[in-house]
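Got the viewer open? Let's take a walk through the structure, one selection at a time.

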Amino acid sequence: MARIRSIKPEFWSSEQVMECSPIARLLFIGLWNFCDDGGNHVASAKTVKAEIFPGDDISSTDVQGMLDELSSNSLIAFYTNGDKQYLHVTGWKKHQKIDRPTFKHPAFSNDDRRGLDESSPPGVEGSGEEGKGKGEKPPHTPPAAAGGANGGKSGQGKTGRPKREKVTFNAFIETCRAAGERPIRTDDPIFDFAEDAGIPREFVALAWREFAIKHRDSGKLQKDWRAHFRDAVRRNWFKLWWCPNGGGCDLTTAGVQVKRERDAERERERQDQLAQQEQAA
């Protein structure tokens, strides 16, 4: 059930808000009406579209892009409880004062942020439980460089969270390794997008390979590399696949070549391992 929420005047001049597109700002405000009293909502682009843009020519894919935009600017955070994904409005307690709160969704949690590795992503290929986004999920704190929060003096926002800084891809990867997590979690929204679009997970893995190669030595800075990768998949930056009108999704010539290169790399790695085992024996 929708709720009445308040908007403070400083909302419009917030740096985080100003970095978002006007339509993403509108969606952000709309989320407040449909979040529970803890600032939480199911992370379903289809549901959000139906609630906030019921009569507009805006697709659920467009809405997912806006949600990623809000996430990249630390205005919302995605989290998982059980097998379901939710989103949390990060500044909720600061801006919404509720006398008798009621809660519909699980409380915001930072648990389990695993997914695509830097090179050969578990959770995308293979048939194990991890490839399905399930299995045991040990809790841990997400990396500061990949997380996000409001800015402020001395790197701290008014809520006490560290300010999100732009970092290189390599710095992002190292921070993830230090935190014991994968750069792209198995519960990342990009997998829901891929499933809805009919894009096989193996194709997402190929996109991650090209994404990592492109950015390892680029020196480019991003606040949220995860959101940047989602955009790469949604827009098919590397032209690795195409979707015929009759349905399905196939690799392009470029995609086939990338797959051959990856398979050749794996075969070389396998041969090297066999040679090392023979030497050890």
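A contact here means heavy atoms within 4.5 Å. Counting contacts with a separation of 6 or more, 67% of those in the protein are between residues 24 or more positions apart. Before you click on anything, know that this is a predicted model: local features need pLDDT of at least 70, side-chain atom pairs count only at pLDDT 80 or more, and totals for chains, interfaces and linings use all residues. Residues are numbered from 1 along each chain as its sequence is written, and side-chain values use heavy atoms, with hydrogens and water left out.

**The whole chain**

Start with a cartoon view. You should find 10 helices and 7 strands; helices (H or I, at least four residues) and strands (E, at least two) are DSSP runs, numbered from the N terminus. Of the 281 residues in the protein, 44% are buried, where buried means under 20% relative accessible area, exposed over 50% and partly exposed in between (1.4 Å probe, protein chains only).

Now colour by pLDDT, the predictor's confidence in each residue, from 0 to 100. The mean for the protein is 76, and 77% of its residues reach 70 or more. Confidence is highest in α8, at 92, and lowest in strand β4 (residues 115–116), at a mean of 46. Select residues 119–161 too: pLDDT stays under 50 there. Where pLDDT is low, the predicted coordinates should not be read in detail.

**Helix α2**

Select residues 22–34. This is helix α2, with 13 residues, and it reaches 19 Å from its first C-alpha to its last, close to the 18 Å expected at 1.5 Å a residue (the expected span is 1.5 Å times one less than the number of residues). Its buried residues include Leu-27, Phe-28 and Trp-32.

**Aromatic rings**

Next, show the rings. Rings of Phe, Tyr and Trp (its six-membered ring) pair if their centres lie within 6.5 Å; planes under 30 degrees apart count as stacked, over 60 as edge-to-face and the rest as tilted. By this rule there are 11 aromatic pairs. Pick Phe-169 and Phe-211, an edge-to-face pair at 5.9 Å centre to centre with 75° between the planes. Why does this pair tie together parts that are 42 residues apart in sequence? Because Phe-169 lies in helix α6 (residues 169–179) and Phe-211 in helix α8 (residues 201–215). Phe-169 is buried at 0% relative accessible area, and Phe-211 is buried at 0% as well.

Then try Phe-203 and Trp-241, which are stacked, 6.4 Å centre to centre and 15° between the planes. Phe-203 is in helix α8 and Trp-241 in strand β6 (residues 241–242), 38 residues apart. Widen the selection to Phe-169, Phe-172, Trp-208, Phe-211, Trp-225 and Phe-229 to see one aromatic cluster.

**Around helix α7**

Move to residues 189–197, helix α7, where Phe-191 and Phe-193 are among the buried residues. At its start, a side-chain oxygen of Asp-188 comes within 3.0 Å of the backbone nitrogen of Ile-190. Just past the helix, Gly-198 has a positive phi of about 80°. Now add Arg-201: its charged end sits over the ring of Phe-191, 4.3 Å from the centre. (For that, NZ of Lys or CZ of Arg must be within 6 Å of the ring centre and within 35 degrees of the ring normal.)

**Last stop**

Finally, select Glu-181, in the loop between α6 and β5 (184–185). Is Glu-181 buried or exposed? At 5% relative accessibility, Glu-181 counts as buried. Its side chain is joined to that of Arg-226 by a polar contact of 2.3 Å. A polar contact is a pair of N or O atoms within 3.5 Å; within protein, one must be able to donate a hydrogen and the other to accept it, and residues adjacent in sequence count only if both atoms are side-chain atoms.
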